[in-house]
Protein chains: 2
Amino acid sequence: MGQNTDLTAEMPIGVFDSGIGGLTVAREIMRQMPNERIVYFGDTARVPYGSKSSETVTRYSRQIVRFLLEQKVKAIAVACNTASAYALPEIERECPVPVIGVIRPGAKTAVSKTRNGRIGVIGTRATISSGSYKAYIRRIMPEAEVFGQACPLFVPLVEEGLWEDPVTDEIARRYLASLLDREIDTLIMGCTHYPLIRKTIGRAAGENIELINPAYETAMELRRMLGEMSLLAEERQPLGSGEPQYRFYVSDMAGQFRQFANSIIKYGILAAEKIDIYKYSAEPLRTPENH
Amino acid sequence: MGQNTDLTAEMPIGVFDSGIGGLTVAREIMRQMPNERIVYFGDTARVPYGSKSSETVTRYSRQIVRFLLEQKVKAIAVACNTASAYALPEIERECPVPVIGVIRPGAKTAVSKTRNGRIGVIGTRATISSGSYKAYIRRIMPEAEVFGQACPLFVPLVEEGLWEDPVTDEIARRYLASLLDREIDTLIMGCTHYPLIRKTIGRAAGENIELINPAYETAMELRRMLGEMSLLAEERQPLGSGEPQYRFYVSDMAGQFRQFANSIIKYGILAAEKIDIYKYSAEPLRTPENH
């Protein structure tokens with residue numbers, strides 16, 4: 001992060017995700033910091049990220065960061081686990097406002113909860129194969145044993161609405177079987193959609209395994225970070241001040257956003273505006289043209 | 001299609017899809033026209049198309065058509081049902097080489113097979129909500145009754161390898177239940193992935209329902225079209241002529257292409273090259289700059 005003296009507590013927090021799953025992170029920020037304004041972006045024209053490459057996800061993330069900076073955000077939360085796994089180092093280095101991802105907070109919590117040092121991680125293929133959770137966990141707890149399992153069907157099952165369904169139970173049992181064999185006592189739900197099927201995952205994991213939702217700890221850490229920088233909004237924006245407290249943008253299918261968004265966030269009707277993400281450069285942010 | 005006197009029988013056929021499913025169409029072209037060269041493009045950086053908007057899918061399709069024209073193809077097969085449903089009219093109008101989609105051939109075959117005039121269509125959300133199959137069927141057989149059913153879980157189930165699995169059977173039973181209630185006697189598999197779980201779909205449909213694979217009829221119609229234009233390759237390119245008969249390109253994850261491709265096409269090792277699809281314009285093809 002470069003130095004930036006123009007940030008104020010009144011500016012919104014930027015949150016982005018490959019799609020709508022990142023609303024589970026936005027929801028935690030709303031709960032823990034009810035005074036904050038939020039600009040949310042979901043990349044619905046290119047969702048999902050979990051089956052794509054590091055290079056592609058980094059390029060997409062840079063375009064989104066450029067859009068959020070244009071919205072004058074004071075900080076950016078990378079709500080997407082895959083983007084956090086692949087693009088966070090570049091974004092942190094290049095971005096002139098503070099950036100937080102979901103993986104480090106999730107890893108910290110898992111370490112604080114585990115008793116036997118055996119931690120499972122479930123996520124997209126990309127998140128698991130990146131090894132990011134394992135790397136962060138090992139940095140804090142070098143003796144930890146970390147076991148990853150990609151669960152590519154969970155996102156489509158959630159998006160098809162099968163949150164409580166025997167099929168989702170069966171798939172969860174299969175995905176978790178190898179982790180249970182490893183005798184994990186802590187399981188990180190390393191994809192923004194997974195907390196939505198927390199009950200199903202909990203049934204498959206059994207009652208002795210602690211489930212970690214990185215969204216919760218990410219909002220906590222963001223709050224701590226903003227507090228240290230004196231960037232926490234002290235009071236709620238007065239009603240009638242013009243701009244809504246929460247603004248939602250997508251790169252496609254704005255009309256479809258509302259239904260799913262309302263199933264995650266219970267703040268009444270949410271409308272999203274479609275923006276043209278392709279007009280933002282995918283090149284590194286610190287180039288002569290843009291700094 | 002504009003007039004174009006520069007096409008020769010020796011030029012390759014371009015085939016594109018949102019990802020790898022379109023290989024089921026490429027496979028039919030290989031089988032039915034073994035002398036033809038093929039340039040295949042899979043848009044793996046933005047897959048899937050089935051949950052995206054008409055405008056976005058049309059923009060993506062135009063970029064791909066520009067890439068294929070650069071490869072000097074003599075014709076383009078739009079292997080993706082969603083792209084055929086959303087972008088075919090624009091592509092046909094704008095493209096200087098002949099274009100064929102999968103929907104019209106699939107519709108024609110269904111009409112020729114149905115006995116009771118009650119036809120089911122399964123596909124992505126986008127393909128079903130476009131109503132394209134219904135429109136083409138009604139144009140040939142105005143009295144036909146056409147019933148659509150989106151099956152969003154089929155593609156992830158296929159890509160997860162659950163081609164023969166009780167979970168896929170269960171999901172297929174649920175998706176097909178309403179179509180069976182309508183007493184269809186013909187069912188169009190309106191997504192390139194579906195023929196890969198033909199047995200599962202057949203079990204759920206029962207033996208009295210005829211399954212239509214548009215890939216087969218699309219290759220037939222392409223052959224007829226090329227024949228009429230004297231553009232059919234008469235003999236196989238001599239070995240050692242430099243260029244391979246089949247070339248595969250993707251926009252991301254070239255390394256992952258091989259495994260899935262080999263499960264569809266039994267022509268031995270297939271390697272794909274990654275290209276930067278973003279360097280091709282998404283604007284309409286017939287603009288002053290490019291014609």
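**How chains A and B meet**

In this predicted model, a turn of 180° with a shift of 0.0 Å along the axis lays chain A on chain B with an RMSD of 0.0 Å. This is the relation of a two-fold axis. Within chain A, Arg46(A) has the C-alpha nearest the axis, at 2.4 Å from it. The copies meet through the same surface, because 100% of the interface residues of chain A are also interface residues in chain B.

Turning to the extent of the contact, chain A contributes 31 residues and chain B contributes 31 residues. About 2,300 Å² is buried between the two chains, and carbon and sulfur atoms give 48% of that area. Three residues deserve a look in the viewer: Leu153(A), Glu160(A) and Tyr278(A) together supply 21% of the area that chain A buries against chain B, more than any other three residues.

Glu160(A) appears again among the charged pairs, where its side chain meets that of Arg125(B) in a salt bridge with an N to O distance of 3.0 Å. In total, six salt bridges are found across the interface of chain A and chain B. Polar contacts between the chains number 18 residue pairs, with both residues at pLDDT 80 or more.

On the side of chain A that touches chain B, the elements giving two or more residues are α2 (54-70), α7 (154-159) and α8 (166-181) of chain A. Of these, α8(A) gives the most, with six residues. By residue class, this side of chain A divides into 15 nonpolar, five polar and 11 charged residues.

Notes: Residues numbered from 1 in each chain as written. Chains lettered and ligands numbered in written order. Predicted model: local features only at pLDDT ≥ 70, side-chain atom pairs only at ≥ 80, totals over all residues. Heavy atoms only, no water. Contact = heavy atoms within 4.5 Å. Buried area = accessible area lost by both parts, 1.4 Å probe. Salt bridge = Lys/Arg side-chain N within 4 Å of Asp/Glu carboxyl O. Polar contact = N/O pair within 3.5 Å; in protein donor to acceptor, adjacent residues only side chain to side chain. Helix = DSSP H or I, 4+ residues; strand = E, 2+ residues; numbered from the N terminus. Nonpolar A, V, L, I, M, F, W, Y, C, P; charged D, E, K, R; others polar. Least-squares fit on C-alpha atoms with pLDDT ≥ 70 in both.
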